[in-house]
Every structure is written in C-alpha cells, then in structure tokens.
Number of protein chains: 2
Amino acid sequence: MAAGERPTPGGGPDDVRLRGFADRASLDQAQAWVDARSARLGAVEVGVADSVGRIPAAPPAVVRDHPPADRAGEDGYAVRSGETIGATSYSPASFRLQDAAAPLAPGAAALVAAGAPLPAGADALAGFDAAQASGRTLEVIGSVAEGAGIERAGQQLRAGTPLGAMLGPIRPHQAGLLASLGVTRVSVVAHPRVRLLVAGPKPAPGAPGEGDAHRPMLHALVERDGGIVEAAEVRSDLRGALRRAAASGADLVILSGRTGAGPDDEAPLALAEVGALAFHGVALRPGGSAAMGLAGEVPVALLPGDPLACLCAYELLAGRLVRRLGGRDPGLPHPTREAEVGRKIVSAVGLVEACQVRLAAGRVEPLGAPEFGGLAVAARADGFVVVPEALEGYPPGARVTVHLY
Amino acid sequence: MAAGERPTPGGGPDDVRLRGFADRASLDQAQAWVDARSARLGAVEVGVADSVGRIPAAPPAVVRDHPPADRAGEDGYAVRSGETIGATSYSPASFRLQDAAAPLAPGAAALVAAGAPLPAGADALAGFDAAQASGRTLEVIGSVAEGAGIERAGQQLRAGTPLGAMLGPIRPHQAGLLASLGVTRVSVVAHPRVRLLVAGPKPAPGAPGEGDAHRPMLHALVERDGGIVEAAEVRSDLRGALRRAAASGADLVILSGRTGAGPDDEAPLALAEVGALAFHGVALRPGGSAAMGLAGEVPVALLPGDPLACLCAYELLAGRLVRRLGGRDPGLPHPTREAEVGRKIVSAVGLVEACQVRLAAGRVEPLGAPEFGGLAVAARADGFVVVPEALEGYPPGARVTVHLY
C-alpha cells in the first residue's frame, strides 16, 4: 500500500488501523482465553537418557524395591555381629578370612565390596577402621552392632512408592535414579510443535535495513519453554502463510509483526479472514497490540513487531500457551528474586506493565522505559517486574518480585 | 580380585584400599586445584541464532547507531510541528496528505509506518488519536510538539557502546538485539569437550543388576554446564581408558566409580600410573572419595561410584571445571532461594556437607541423610544446602541459601 492512502476498509468496526485501540482485553481475559485452548498434549515414550528436561506424563512408579535385596552398604568385612562382642584394640576378635560367595562359617569373615550381597549367616559389616587383615586372618578391634553397614532391601525406595516429586521437568539426578531402578523408557508429555512466522518487512524506502530480531529470539524462547520450532519463515502473504501453518498440524502458530494500528498492520485482519480473531489489543505494556485467535483448530498468537513488545507478549501469552501444551508451569519461567525497590517504578493504572530493571546492590532500579520499544534496554536489564493493572507502580522500599533473565 | 584377598600392594602409602582415608584435601584446596587448571577455552564463531546460551568471548560491540537514522517511532502522520500550534478538536489544523517519499510540502502531512524514515522537512509525528484522515485531507486536533513520535538515530544504542551486561550466557532477547543490529556472527567461548567414562560394574555375584545411573546423570549435568560429552563409555580397563581419553584431545576426562577404599577401587591408582594423582579424598559429604589429577595435560576428575556422592562431587568439583573452561560462573549453577531453617540441619565439623532439603511452607527441612547414598532422597528434594566445614549445621530459624534443583 502506498503511503498517504487509507487502507482498504473491510476490517469492520474492529479494524484498528489508523484509528487505534478503542478497547483492549485485560491480561486476565487474554490468559483465560489461552488457558481454555491449551490442554496438555499427549504422551510419548523416550529413553531415560533423553528424559532430562521433559515433563513426566505421570509420576514414574517404582516397580521394585531399591535396592532390590539386602546388600553391603559400604566396603568392609561381613561378620556375625555376636562374634565381635567385647572386641577392643587391646583384645581384638580374630576371624579366619573366607570367600564371600560361600555361607559364612563360624569364626570366619569375608571381604565384600559396597553393593555386593552378604554371605549367608553374616548379619553385619566391619569397616576398615575397625578391622585389619593380615594374611588369612582378620582382627576386629571393636564390637560391631547387628545390621551395621547393611543396606536393607527397599531402604531407599519401596516398590510402589510414587515418585510424587517428579512432576516438573526431570532433573539429571532424577534420570539417574530412574536408570538405577532399571527404567529404560519414560513416558513424557509431547513437545508442542510451534510454527513460527515473521511478517515480512514493512516498506521503509531509504531506511538502512535492520536485521530480523524475531526469529532468533522467538526460536530460543519456544525451545526454552519446551516447544519445537517446526518452521521459521519470513512471509509477506500473511493469509496464505496462516492457512498453510494451520494445515501443517502444528499445535500453535506464532506470527510476529503487523499487529499495530499502522496502514500495513494486516495480521489481525488476515487471521479474522482465515480463521477467527478472539481479541486484538491487550491491556499490557509493552505488547498491547497482541492478538490471538484460531485458524481451524489451531491457536494462533499474533505478536507485535516491535521486538520488546514481541518479547513481552510472548512471555505472558504465547509462551504461556507453549508451556501449558507441554505440561509445564504456565507462569513466567524465569528464576525470581524478591527485592526492595530502590528507585520508584512508574506504571499506568489499567495496564499490566513489564518494567525492565536492574539490581544495584540488591535493590531494584527501573531502567528508563524505552519510548519506542527495542531490545537495547532489556539487553542490559537483570530482569523485569510485572506491575499489576490496579497499581500505578511501586514506591521505594516496596518489596517486589524480579523475574531474572 | 577374589574376595578375601588383599589387593596387590603397589599403591604406596597413599593407597587407601582396605585402610580408609588417612587425610583428605579440604574442599577449598580441591577447588583451588580445579581453578589453577581450568583457564577459559578459546573463542569460536557461531551464527547469531546459535548464540543463545553461549558465553560471549568478549562483550559484543555496537558498530553503528541503533536505530541507524531518525525514524518514525510509531505509526502516524509526519507533520511540521509549527503548523499544528493552537489546533484543538473545535478548531483542527488541516493538512493535505502527500506521499512520504517526497519532501514534505508546506501545509502537507504524510502517513508513515513505525520504523520508516520521515520525509524531509517533517519534525514530528501526529498519532492516530490526534489526527483523522478523510480522503486526501488530514485534521489534527491538538498541538504536536517538535520531535514527538520520532525515534532519533542512536536513541537505543550509540555506536561504540559496549554491551557490558552481555557477559553471561546470551539470552534470547539479547540474540534478538544482536540480530537487529545487523550482527550475524558472534564470537563465543568454545564448548568444553568432556570425555565421560564409567567404571565397569563391580563384581557382585548374585546381586540383581542395577542400571547405570552415571551416564544419563553426568551427560545431562555436563550439558547443563555448557560442555559437550564426546563419548560416554563403560570401561573395565581403567588404565587403557584413561590413556585413550587423554590422547583424544578432550578438555576434561570424568571417570566415575571405583574411588573408595574397597578392594577393587582402582581408579586413583590407575590415574597415578597413567598420569599424576593430585589428591584422593576430599573433606566433603557425600562425595568424600573423589580424586583429581592429570593424564598428560588433561585434567581428570574421578567421581565416586555411589550416585549421590557422584552428583555432589560433580557439582562442586568436576562441574566447576566444566563451567570455568567454558567461561561460565564457576559457582553452583542452580537458582537459589534464601529461606529460614524449619528443622535443624545437622552436619559434621571438618566436612563440607551437601544436605538434601525440601521447602515446606517456605521453610527449609532436611530430608533424612541417606546412610549409604543413592539418589532416592535427592530425587524428592527441592534442593540442597551446603554447610561449611566450620559449622555443625544450622539451628531452626537460621537463614540459609537453598540451591534449587
């Protein structure tokens, strides 16, 4: 479209182009829409080594005792504890060393390695600090209590124990536990498949070209949230691109760019034409021009072209969808820190605001809000603070939650 | 080696087998050894999309102003601000619409999209809330200040600004910023290449087999710390495996298992034979039988066979080496939370102890220390608390740092 012309009408009363947003969905409403359309995906089986970071489809069950049988809990000498009573370093108890594979003869002891079964008849283990071998003879210099050094069957885990703590992403040591329990395959929630589209560049004759921030940023964010980016394309034909993306069997389509009130901001209209637009405009800053809807059965998130607004709308809307589809915690995935506000944080009542901040000597300082977006401020921020709709910010001394990058 | 026989002598006075540890390195000494042998690796170039999570070899420099030239900060109409003075909704200022590509004629306005350059002569942008077009005419209903709506060249970043905050792993939005600055290749610290060896199973005749926890756990931990696992093998011939690993050009060799005081705990002896053993035994629980040394020029970490001790020694020693080689923060990489102790944490003076804990209603509760190791307790912990050598634990009410899994 040539500058100086009105866009072709046809968007109807909801077409915000050259008018601006008459009203916007609240962030709560927008998130409720997301939550209603993001049931957790089905399960797939993966090898235990590939299960790290994945979400168990159900808490893994322990099918047998761990350890499966009584065994030496440490390296030492298997003995009959009764035969060590009264032993001291002045009057050691003497034992004849025998092989651990045979039942323990009276007056005999057998060297066993940690993890090995005890010979029949043994009921305790004398550690190396209390027992010294010399040739075929062992001297024990202290009483050994019955059961000492023995790890009982099921002492770590009883068969049938639900591994209830394993609901979030599987940690490296949890995969290690599963492997040591003999588990080889784990049922995990499928990765959400995300189709990533970037609206082709706006016509900006004479402007030095700028690189596309969206693809590397959104790609990495989707992967962080457990999604798989199936395609990442720059498209000018938004309708065709949305149609093809919906037909691709993706779990979510993200289209970034062209959501504002400019003459060429056609993404919401394209979605309305191809499928259904649920809302356009969210009471969120930055990110207020975001829109969501459906193309066929597939949820579509339209994210603003300004990369900071895109980031913010991703984190609070599109990313929430990815996280929910994949069975993850739908909230913001950043580590958080509670901290005191050092310099006043200003926000507008009626908008949820994501304020870029840094931590200076443990106190929260807002970084000048970028008037026109852009990632430069966020790139040097330590994180951000989300100011709720009802507040006009936070005074110095208020305690806030910082979402750390 | 058959049970009941002493291991072949030859380990000398430092051979702990069947004797136990006479003395151990302090964790500080062990970490100092690590730090002296883990200079940051050299730089490699990667595409900006692959730079997420990598460590910049140097803070990326901004080579040009961002934005590179004055441009529309938002969608709107380019005007001469002086021609809007006194405009109100009752007495709007009228403009003739023209194309944005031509210099702005007196009395004219031009529609421009966010990011586009302004026509020559324009010094402000009237937003859609203050301007309404009708046919070829635009009515502006308020004074527009000089410079309004214009994003100046370099307003986000001036050429030469060091991106000093970008020292840690590159975040998705930082990669986005680099891309939007036109950066296509980023110089990052090379991935440490880690050779992973698991000592073959101990002879445990008659014991039901247990799976190998080490490989999946250590593989995932090394990758979490930015390393690349080059091979992960189970080996019984420890000397040969160490020799081959050292010759492979790896940056670090990790061998887990066979570090204790049992008859078949030959890993430290094998390292002493193949290269040099720096220390065997650390004042750390669990993980006290860890050892480190060199095979040729390559650092070698020997981690205990018990998987919980292996985890702990990895986090505090081997992982520190991986993190330092890769230019990361050498400290524990877990998110942390400060919290109050709810139930007493008990520890031994003279040992650094990693205590598995859970957070119950925000308070720290120790989980029963597993007498013989194993990952079952860690798998249901929320994290762990590191109790320093000088303390015998923490009383209820003490504030501690929890390293969260």
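In this predicted model, B:Asp28, B:Gln29 and B:Ala36 are exposed on one side of helix H1 of chain B, the side away from its buried residues. The buried residues of H1(B), which spans residues 27-36, are B:Leu27, B:Ala30, B:Gln31, B:Trp33 and B:Val34. These residues lie on the same side of H1(B) because they cover an arc of only 150° around the axis. An α-helix has 3.6 residues a turn, so residues three or four places apart point the same way. Among the elements that cover the buried residues of H1(B) are strands S14 (276-280), S16 (291-295), S17 (298-303) and S20 (352-360) of chain B, together with H6 of chain B.

Helix H6 of chain B, residues 307-325, also packs with helix H3 of chain B, residues 214-224. Their axes are 10 Å apart and form an angle of about 30°. Angles under 35 degrees count as roughly parallel, and H3(B) and H6(B) are therefore roughly parallel to each other. Their crossing is right-handed. By class, the contact of H3(B) with H6(B) has nine nonpolar, one polar and three charged residues. The residues that meet include B:His214, B:Met217 and B:Leu218 in H3(B), and B:Pro307, B:Cys310 and B:Leu311 in H6(B).

Helices H3 and H6 of chain B, with helix H7 (376-379) of chain B and strand S10 (185-189) of chain A, are among the elements covering the buried residues of helix H2 of chain A. How many of the nine residues of H2(A) are buried? Nine of the nine are buried, so H2(A), residues 172-180, is largely enclosed by the rest of the structure. Among these buried residues are A:His173, A:Gln174 and A:Leu177. Just after H2(A), A:Gly182 has a positive phi of about 90°.

Positive phi values also occur in residues other than glycine, including A:Leu18, with phi near 60°, and B:Arg258, with phi of about 65°. A:Leu18 lies in the segment before helix H1 (27-36) of chain A. B:Arg258 is in the loop between strand S13 (252-256) and helix H5 (267-274) of chain B. Buried means under 20% relative accessible area; A:Leu18, at 1%, counts as buried, and B:Arg258, at 10%, is buried too.

The table lists cis peptide bonds in chain B.

| Residues joined | Omega | Place of the proline |
|---|---|---|
| B:His66 and B:Pro67 | about 0° | B:Pro67: loop between strands S1 (43-47) and S2 (71-72) of chain B |
| B:Arg285 and B:Pro286 | about -10° | B:Pro286: loop between strand S15 (284-285) and S16 of chain B |

Conventions. Residues are numbered from 1 along each chain as its sequence is written. Chains are lettered from A and ligands numbered from 1 in the order in which they are written. This is a predicted model: local features need pLDDT of at least 70, side-chain atom pairs count only at pLDDT 80 or more; totals for chains, interfaces and linings use all residues. Side-chain values use heavy atoms; hydrogens and water are left out. Axes are lines fitted to C-alpha atoms, for helices over the stretch in contact, and angles run from 0 to 180 degrees between N-to-C directions. Helices (H or I, at least four residues) and strands (E, at least two) are DSSP runs, numbered from the N terminus. Angles under 35 degrees count as roughly parallel, over 145 as roughly antiparallel, 65 to 115 as roughly perpendicular and the rest as oblique. A crossing is left-handed if the near helix is turned anticlockwise from the far one by less than a right angle, and right-handed if clockwise. Contact means heavy atoms within 4.5 Å. Ala, Val, Leu, Ile, Met, Phe, Trp, Tyr, Cys and Pro count as nonpolar, Asp, Glu, Lys and Arg as charged, and the others, Gly among them, as polar. Buried means under 20% relative accessible area, exposed over 50%, partly exposed in between (1.4 Å probe, protein chains only). The arc is that of the directions from the helix axis to the C-beta atoms.
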